[in-house]
Amino acid sequence: MLRRSLIVALLTATAAALPTAAQDENPTVLGKKTSEWLELLHSDKEPKRRRAALIVLEQVGPKVRNVLPGICRALERDPDEDNRVAAAQLLGRMWARVVEANLDAPEVIDSLITALKRDKSEKVREAAALALGRVGPPARLAVPELAAALKDKHAGIRAAAAETLGRIGPDAKEALPALLEALKDRTGDRFSRGFAALALVRIGGTESAVESLPALVETLGDAEAPAEARVALARVVGRLGKDAAPAIPVLAKALKDQNVEVRRSAAAALSELGPEARAALPALQEAMKDPDRAVRCQAIYAVGGQGKEAAAAVPALLEQLKESVTEVRLAAIRALGNIGPEAKDAVPALTRATQEAQAEIREAAALAIKKIQTMP
């Protein structure tokens, strides 16, 4: 409780000093010059006081001379593990301000790479990997170390390395073999493999997705894998067309996932695949009842994308016309039109819809009737 009170007091006091910090090369905070806080950070024997110095320096900001080098030095030399973790995290948080101020700060990336490569503490190495993720593409210099970290015995470090490689993006192409190896390693933990899958597609795009599809599908179907990775993988699979065939059953199963974002992305992927998603038609009809309107809409569009093959879904689509949500009704009307003559039983309901007050409903219904009555 005392430590929390100290942190709150420091944040309040240093925030008040920010206007001075913007104008002064050596601003005073809580009765000490920034240079004195830096000296305290490096030489005080009490870990808590060194931690307090880090809090102050975060508020002073990267524009003040020697702040960034001082934090880097703490990351490299502070004997307290928790303080080194805090220094790594702080460098990651401050990077956005470094960019905003257009500062040249290569020492930040160098220090984080050194910590990832050499620090004996697993916690510090994990924090350094995650901080490099906040740096993003400029952290491409760390790609070899991050690729090596994919084999670290500590799961948190492996996951952090994979996540950061994905954030670096296409500039991390040299890590693709290591990511694929990590993804295929069935002894690996779910989070490491999930983030490896996500990084793989972010770096290598569709080509990498096709080459590693079996492993990607396995991650996509793993309910305990990171939801962020599963959502992204579903989106990628939706762009694969005929190559996505092995993923269709997994996407169909994902329509019942507990995570709504996973359900949305699975439905959207099946909708994008169009006729290729025919095998998922029964699951899509069930998904039309989902409590989430976005899932319902995408499922309806996916059903309509099957054309005449979705004739059995016409009664369910007619039920959707009774919905109060406009976008759901529009999706159902358009799906009925796409089914064509096989949806002739829907014409009376669509005709009534042409008399409604909403112009978009009237226009969509009229077009759907035209498709049903004129399509071969």
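Contact here means heavy atoms within 4.5 Å. The model shown is predicted.

**Figure 1. The whole chain, with 22 helices and 2 strands.**
The chain's radius of gyration is 28 Å, well over the 21 Å that the globule rule gives for 376 residues, so the chain is more spread out than a compact globule. Along its principal axes, the C-alpha trace spans about 85 × 45 × 40 Å. Of the 376 residues, 52% are buried. Take the contacts between residues at least 6 apart in sequence: 64% of them join residues at least 24 apart.

**Figure 2. Methionine 94 and its surroundings in helix H6.**
Methionine 94 belongs to H6, which covers residues 81–100. Its relative accessibility is 0%, so methionine 94 counts as buried. Neighbours within four places in sequence are set aside here. Beyond them, methionine 94 is in contact with Leu57, Glu58, Gly61, Pro62, Val67, Leu68 and Ile71. Proline 177 is 83 residues away from methionine 94 along the chain. The C-alpha atoms of these two residues are separated by 31 Å.

**Figure 3. Helix H6 and its bend at methionine 94.**
H6 has 20 residues. From first C-alpha to last, H6 reaches 30 Å, close to the 28 Å expected at 1.5 Å a residue. The helix bends by about 35° at methionine 94. At the start of H6, a side-chain oxygen of aspartate 80 comes to within 3.1 Å of the backbone nitrogen of aspartate 82.

**Figure 4. The buried residues of H6 and what covers them.**
Buried residues of H6 include Asn83, Arg84, Trp95 and Val98. Others among them are Val85, Ala86, Ala87, Ala88, Leu90, Leu91, Gly92 and Met94. Their cover includes four helices: H4 (47–60), H5 (67–77), H7 (106–118) and H8 (122–135).

**Figure 5. Asparagine 102, just after H6.**
Asparagine 102 is found in the loop between H6 and H7. Its phi is near 55°, a positive value in a residue other than glycine. Most residues other than glycine have a negative phi. Asparagine 102 is exposed, with a relative accessible area of 71%.

**Figure 6. Leucine 30, in the loop between strands S1 and S2.**
Strand S1 covers residues 28–29 and strand S2 covers 32–33. Leucine 30 lies in the loop between them. Leucine 30 is not a glycine, yet it has a positive phi of about 50°. This residue is partly exposed, with a relative accessible area of 45%.

**Figure 7. Glutamate 163 in helix H10.**
H10 covers residues 155–168. Glutamate 163 is buried: its relative accessible area is 17%, and buried means under 20%. With neighbours within four places in sequence left aside, glutamate 163 is in contact with Leu130 and Phe195.

**Figure 8. Leucine 350 in the largest nonpolar core.**
The largest nonpolar core has 135 residues. Those with the most contacts inside this core are Leu112, Leu165, Leu179 and Leu350. Leaving aside neighbours within four places in sequence, leucine 350 is in contact with Leu321, Ile333, Leu336, Ala365, Ala368, Ile369 and Ile372. In soluble globular proteins, nonpolar side chains tend to be buried together.

Note on methods. Residues numbered from 1 in each chain as written. Predicted model: local features only at pLDDT ≥ 70, side-chain atom pairs only at ≥ 80, totals over all residues. Heavy atoms only, no water. Core = buried A, V, L, I, M, F, W, Y, C linked by side-chain atoms within 4.5 Å. Buried < 20%, exposed > 50% of the residue type's maximum accessible area, 1.4 Å probe, protein only. Expected span 1.5 Å × (residues − 1). Bend = angle between axes of the 7 residues up to and from the residue. Polar contact = N/O pair within 3.5 Å; in protein donor to acceptor, adjacent residues only side chain to side chain. Rg over C-alpha atoms; globule rule 2.2 N^0.38 Å.
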